[in-house]
Amino acid sequence: MTVAPRNEPLRFRDLAEVAEAVRRDGGRLSMARRLVLEALFAADALVSAEQIAAGAHTGTAIEIASVYRNLERLEELGVVRHVHLGHGPGLYGLVGDGEREYLVCEGCGRVTAADPARLDRARAAIRADLGYEARFTHFPIHGLCDDCAPAERRR
């Protein structure tokens, strides 16, 4: 695991490394926290707190309030991030090997995760033209993917 400065995401490979980070910060790996982490590790995409609570990835249901408390604490530690892709609940994912920023297709709903460095030119243009330091971690970029854009152009 790579230890990052406070408020920077931790980089980790597995649940044991996350457990070590939680304990080092004075926390403990309760059964509910372990189940939340297991669900996040088992998911192949971003997941909602409701999916985690229902046991969609672990087979074990957890009280929704406990899921939210644990997700909030894990986010404070830099282990988990949440993103709002549009209408509907926030979705959660492990930071793992680094931050991700997201693009959402308004045509088909496809979500694409991108290394933040790939969006640096867009960030630089926004900074130069508008004076804003743009981030796409919490709210993604919306548009049309390569498959949907040609259909939109034909209209």
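These are questions and replies about the sheet, one of its residues and the helices packed on it, in a predicted model.

Me: Why is Ser48 called buried or exposed, whichever applies?
Reply: Ser48 has a relative accessible area of 6%. Buried means under 20%, so Ser48 is called buried because its 6% falls under that cut-off.

Me: What does Ser48 touch, leaving out residues up to four places away in sequence?
Reply: Its contacts are Pro89, Gly90, Leu91 and Tyr92. Ser48 lies in strand β1, and Leu91 in β3 stands opposite Ser48.

Me: What makes β1 and β3 a pair of strands?
Reply: Two strands pair if there are at least two bridges between them. β1 and β3 (residues 91-94) have 2 bridges, in the antiparallel sense, so the criterion is met.

Me: Why are β1 and β2 called edge strands?
Reply: The open sheet has 3 strands in the order β1-β3-β2, with antiparallel pairing. β1 (47-48) and β2 (80-83) each pair on one side only.

Me: How do you know that helix α2 packs on the sheet?
Reply: Contact means heavy atoms within 4.5 Å. Helix α2 (residues 31-42) touches β1, β2 and β3, and its direction makes about 85° with that of β3. Helix α4 (residues 64-76) also packs on the sheet, touching β2 and β3.

Me: Which residues of α2 are buried, and what do they pack against?
Reply: The buried residues are Ala32, Arg33, Leu35, Val36, Leu37, Ala39 and Leu40. They pack against α1 (15-24), β1, α3 (49-53), α4, β2 and β3.

Technical notes:
Residues are numbered from 1 along each chain as its sequence is written. This is a predicted model: local features need pLDDT of at least 70, side-chain atom pairs count only at pLDDT 80 or more; totals for chains, interfaces and linings use all residues. Side-chain values use heavy atoms; hydrogens and water are left out. Helices (H or I, at least four residues) and strands (E, at least two) are DSSP runs, numbered from the N terminus. Axes are lines fitted to C-alpha atoms, for helices over the stretch in contact, and angles run from 0 to 180 degrees between N-to-C directions. Buried means under 20% relative accessible area, exposed over 50%, partly exposed in between (1.4 Å probe, protein chains only).
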